[in-house]
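Before reading on, please take a moment to look over the sequence and the model shown here. The paragraphs below are meant to be read with both in view.

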Amino acid sequence: MVKIGLKFKASLENIQELNSKDENFRWYLKFSCSGCSEETDKWNYLSLNEVVDSYHGAVSHFVCKCKSCKRTNTVTIIEDSLKAYTAEDEGTFKTIAVFDCRGLNPIDFKSGEGWVVKAVNNGTEFENVDLNEGSWSEYCEIIKQPVSVDDIEHSFEKIKYQGLNNKC
Ligand code: ZN
């Protein structure tokens, strides 16, 4: 089984942590069908809060019947894979989410809204931050400094599934 990791990179100014921990956070992705390579033309979103009808008994956050080959494909967010992007990660790629993709390959990602951004030195925690424009800036009244997120980049990587059976 292969899972797909979303690697995220950004420049942070006076920010301790950028995370997706809000339960209404949406992951915006485009996919291609691994059966026939048909690509979805619009953005799809996945949210931990929105479980789609279980398929083969497994939880899914996205189900789509391919227009071309008619296969039913699913994607599930692996909840314990979700990671914050922190000041220590700044400027480097970090895997912040892993998706269990059955029959679909993610081909594009956009950072939407719903991010939680915490300023350094116990500064303000900003909720529902919108990164649709690819950058964001505010002023933190607690630390009396500007805070910003900029230069967002992403990539996908295949992650080999480490099942319990692989443990020594
Ligand atoms: Zn297809």
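What follows is a walk through this structure, beginning with confidence and ending with a few individual residues.

The model is predicted, and it is useful to begin with how confident the predictor is. The mean pLDDT of the chain is 91, with 92% of its residues at 70 or more. Confidence is highest in strand β9, where the mean is 98, and lowest in strand β5, residues 52-55, where the mean is 70. Over residues 164-168 the pLDDT stays under 50, and for this stretch the model has 1 contact beyond four places in sequence. Where pLDDT is low, the predicted coordinates should not be read in detail.

Which residues hold the zinc ion? The zinc ion is coordinated through the SG atoms of C33, C36, C66 and C69, at 2.3 Å. Along the chain these donors follow the spacing C-x2-C-x29-C-x2-C. Two of them show how the site links distant parts of the chain: C36 lies in the loop between β3 (27-33) and β4 (44-46), while C66, 30 residues apart from C36, lies in the loop between β7 (62-65) and β8 (72-77). The angles among the 4 donor atoms run from 102 to 115°, and the site is tetrahedral. For four tetrahedral donors, the ideal angle at a metal is 109.5 degrees. As for accessibility, C66 is buried because its relative accessible area of 6% is under 20%, whereas C36, at 29% relative accessibility, counts as partly exposed.

From the metal site we can turn to the strands. An open sheet of 4 strands has the order β9-β2-β12-β13, and its pairing is antiparallel. Its edge strands are β9 (85-86) and β13 (125-129), each of which pairs on one side only. Strand β12, residues 115-119, pairs with β13 in the antiparallel sense over 3 bridges, and K118 stands opposite E125 in β13. The loop between β12 and β13 contains N122, whose phi is near 55°, a positive value in a residue other than glycine. Most residues other than glycine have a negative phi. With a relative accessibility of 64%, N122 counts as exposed.

The interior of the model comes next. The largest nonpolar core has 35 residues, and those with the most contacts inside it are L18, W27, L46, F99, W115 and W136. Strand β1, residues 2-13, gives the most to this core, with 5 residues. In soluble globular proteins, nonpolar side chains tend to be buried together. Taking L18 as an example, and not counting residues up to four places away in sequence, its contacts include F8, L12, A84, Y85, W115 and V149.

Strand β15, residues 145-160, offers a last place to look, and D151 lies in it. D151 also has a positive phi, near 55°, in a residue other than glycine, and at 46% relative accessibility D151 counts as partly exposed. F156 lies in strand β15 as well, and at 24% relative accessibility F156 counts as partly exposed. Leaving aside neighbours within four places in sequence, F156 is in contact with I4, G5, L6, L29, P106, I107, D108 and F109. F156 and T95 are 61 residues apart in sequence, and their C-alpha atoms are 8.7 Å apart in space.

Key
Residues numbered from 1 in each chain as written. Predicted model: local features only at pLDDT ≥ 70, side-chain atom pairs only at ≥ 80, totals over all residues. Heavy atoms only, no water. Donors = N, O, S within 2.8 Å, 3.2 Å for Na, K, Ca; no water. Tetrahedral: all angles 85-135°; square planar, octahedral: opposite > 155°, others 65-115°. Helix = DSSP H or I, 4+ residues; strand = E, 2+ residues; numbered from the N terminus. Buried < 20%, exposed > 50% of the residue type's maximum accessible area, 1.4 Å probe, protein only. Pairing = 2+ DSSP bridges. pLDDT = per-residue confidence, 0-100. Contact = heavy atoms within 4.5 Å. Core = buried A, V, L, I, M, F, W, Y, C linked by side-chain atoms within 4.5 Å.
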